[in-house]
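Could you walk me through this structure in my viewer? I would like to know what to select next and what is there.

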Amino acid sequence: MYQGVRISGFGGQGVVSAGVLLAQAGLVEGKAVSWYPSYGPEMRGGTANCSVVITDTEVATPVVALPDTAIIMNEPSLPKFEPLVKKGGLLIINSSLVKTKATRTDIKVVYVPCSEIAEKVGSLKTANLVALGTFAGLTGAISIDAIASAMKKVFKRAKPEALALNRKALEEGAKIK
Amino acid sequence: MNPITHKPKSLVDISTHYCPGCGHSVVHRLIGEVIDELGIQNRTVIVAPVGCAVFADKYFDCDSIQGPHGRGPAIATGIKRAKPDSIVFSYQGDGDLASIGMAEIIHAAARGEKITVIFINNAIYGMTGGQMAPTTLVGQPATTCPKGRNPDLQGYPINVSEMLSQLKSPKYIERVSVDSAPNVIKAKKAIKKAFQNQVDNVGFSFVEVLSICPTNWGVEPIKALDFLREKMMPQYPLGVFKDEGKTQEGK
Amino acid sequence: MSEKVLMKGNEALAEGAIRAGCRFFAGYPITPQNEVPEYMSWRQEEVGGAFVQAESEIAAVNMLYGAAATGTRSMTSSSSPGISLKQEGISYLAGADMPCLIANIMRGGPGLGNIAGAQGDYIQATRGGGNGDYRLIVLAPFSVHELANFPKKAFELAEKYRMPAMILADGILGQMMEGMSFDFDPVEPAALKPACWSIGGARAEGKKRNMVYSYALGEGELEKMVLKRADKYALIERDEVIYEERFTEDAEILVVAYGISARASIEAINIARKKGIKVGLLRPITLWPFPTKRIKELSSKVKCILCPEMSLGQMIVDVKLAVDGKVPVYLHARPGAFFPVAEDIAVAIESALTGKKEQLFDLESLADKATLGCHQPENKPSKEGALL
């Protein structure tokens, strides 16, 4: 099993922390993982993105040049990463914010109204987790349980209610096929 | 014969490389006496500069480190932070401290490092052969300003003590001179206070010593002393610029 | 041995140093190593050590010089332009034979360059870097795990040979997170043997003073001092070489790569091996001392060697010295702080074996196409390579 993931969106949408969560979840499941962020000037106000690798063997390159899955949380990220997704790969698009449609036909494209679902769950802040849930559900690369248990390590000061809400967002995301 | 004075215990019994008439030897002796009187020889570290005093490390019988040009206060910071019980003093000339090492001295002072700095101001680069220093007086000739320092081209001298005393952190800043017996006695009192402050963990203490360089000024020692009094002192007035120490010792 | 946790490279490096007994750190902010001083600022306080945010890299390295001279395990870190500034102090540290740890989390250069990971400081690191004739022990981690565990190794080597050691990593390793663990129990500084040469401790009555200096002005003195240093350099080159090998038993082509480039190379080798190409890897872990002897041995077994580097070719100089013209040595270069793409390296491996030039960096063929013009490279952002 090998999954190279690229998560991209505005700073503040939690793309970087979603990546950390994913990597931590992989570690919980005993996988080899890596996380690598974009950093520096491009982080100031602009689009942020990160690479996550989850694999059974050993992470060679931590920078995912050609992702198996790209999670697109904002409009500018789509033209940047759609062309890079591996043939047969997966493109998860936050359709609440991204109005443009993907053009590739050699990959699976899923439109997820992350913000709407998150609001229904109870907090707009969980939009990133909805997308992670969809990723987990569609790829099977990671379990919802692992992500939920990773949350306790990553969000150390989160209250139990917040963790429950987060889990709900993951589960709602995972329902999307 | 009954000797009336001794070489301080904390000075090594060898002759120095300083030129005849140079003020470094006097200041070395004063520091040596102070170290003896305070009984701190076994925990004192000298940070020797680049410049005429580069071999100061050989002359003091205490632990020593010789570092890059101007970086004494940074090196002293490292030693003092790693070994807070040590007594660390940085000994620097005007090229070292006021030119290439300006950032290091200002920031060590601003951080309030609990160190002692002895700054020898003789208004010239000595070791490299008489080039203009940041402290060279207006009109004073040097090998890199043979017609004399021209404020239009080289600006005005830097008064380090006045400048450092604008900072909040330093506890003690005084300018002294070694041109005469009374002034040498005052200089010793200032140096002693700067060390006592460190013993008492008071804070950053700085003594600027006006000194002569007969060799590079190109004058006899006696005339050099006149030059110090007549030309340097008006530019660099003696006195205490800051004294917020708790100690009364040496006052 | 600790539990496997997810940790950022820079923080793992800092924590690794703390656990190795580092009790003094001075640094200055520069991307992409900022997490090191940030972490040290609170962690040193926690363990009773000292942290100073210096006014400049120059001040930081001189604080390191002072602290190292007290026998305290001391460290500074920076990134390429900052390491250039530190060279003054590094030269003094080497000249005064002071053990200490300097970490360079390399970024793109020259000049301000960029802040992405790069490998442009290899020559600087392995040849000393500052003025004079000296070496640093240079360790090149390729994972967060190694970043965490190399500080202890670095301090031990530095103290054994009384000289500065450097950890040469890059922005990618510094910024990335990985599962990692510590392979050693925390070192208690008080349990370490005190250095007989250190300054600033309470000097016992009758004991001679200690002097730390790098000068030797008497006739013939400096040469004696440098030659004495050469003795230990010879021992280090003989005894302290560390490297990793993969698939070298049947290799027809050898890839030599260090640090983050080795990781892209591993993926490239996997791709090439699936195609039936017999390719092996030698990863130098100590860059100085360099695994010259082993590369020389392997060069008699392979048809050619490929060096993927995030530079215009620096480590390749050492590889060529080791090979001494026996087989061709090719370069795959990503000098603009672009992470090498494994697929490209795989192509380079095939090219090297078949005499093609695709993905190989070749100055001769560059010269055929090159024009001098106004001699200023276009400054437009490129879309090539992996987006960082």
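Here is a tour that goes from one chain to the two interfaces.

**Before you start.** This is a predicted model, in which local features need pLDDT of at least 70 and side-chain atom pairs count only at pLDDT 80 or more, while totals for chains, interfaces and linings use all residues. Residues are numbered from 1 along each chain as its sequence is written, chains are lettered from A and ligands numbered from 1 in the order in which they are written, and side-chain values use heavy atoms, with hydrogens and water left out.

**Stop 1: chain B alone.** Select chain B and show it as a cartoon: you will find 10 helices and seven strands. Helices here are DSSP runs (H or I, at least four residues), as are strands (E, at least two), numbered from the N terminus. The C-alpha trace of chain B spans about 50 × 50 × 30 Å along its principal axes. Its radius of gyration is 17 Å, which agrees with the value near 18 Å for a compact globule of 251 residues; the radius is taken over C-alpha atoms, and the globule rule is 2.2 Å times the number of residues to the power 0.38.

**Stop 2: the three chains together.** Which chains share the most contacts? Of the two pairs of chains in contact, that is chains B and C, where contact means heavy atoms within 4.5 Å. Chains A and B do not touch, and their nearest C-alpha atoms are 27 Å apart.

**Stop 3: chain C against chain B.** Select the contact residues, 32 from chain C and 35 from chain B. About 2600 Å² is buried here, 58% of it on carbon and sulfur atoms; buried area is the accessible area (1.4 Å probe) that two parts lose on being put together, summed over both. Three salt bridges link chain C and chain B, each a side-chain nitrogen of Lys or Arg within 4 Å of a carboxyl oxygen of Asp or Glu. For one of them, show the side chains of Arg111(B) and Glu55(C), which meet at 2.8 Å, N to O.

There are also 14 residue pairs in polar contact across this interface (both at pLDDT 80 or more). A polar contact is a pair of N or O atoms within 3.5 Å; within protein, one must be able to donate a hydrogen and the other to accept it, and residues adjacent in sequence count only if both atoms are side-chain atoms. On the side of chain C that touches chain B, strand S3 (50-53), helix H3 (57-69), helix H4 (80-95) and strand S9 (211-212) each supply at least two residues. H3(C) gives the most, with eight residues.

Next, pick strand S2 (residues 63-66) of chain B, which pairs with S9(C) in the parallel sense over two bridges; pairing requires at least two DSSP bridges between two strands. Ser64(B) stands opposite Met211(C) there.

**Stop 4: chain C against chain A.** Now select 28 residues of chain C and 27 of chain A. Their buried area is about 2100 Å², with 67% from carbon and sulfur atoms. How many salt bridges are found across the interface of chain C and chain A? The rule finds one, between the side chains of Glu58(A) and Arg246(C) at 2.8 Å, N to O.

Five residue pairs are in polar contact across the interface of chain C and chain A (both at pLDDT 80 or more). Finish at strand S2 (residues 32-37) of chain A, which pairs with S8(C) in the antiparallel sense over two bridges; the bridge partner of Trp35(A) is Met177(C).
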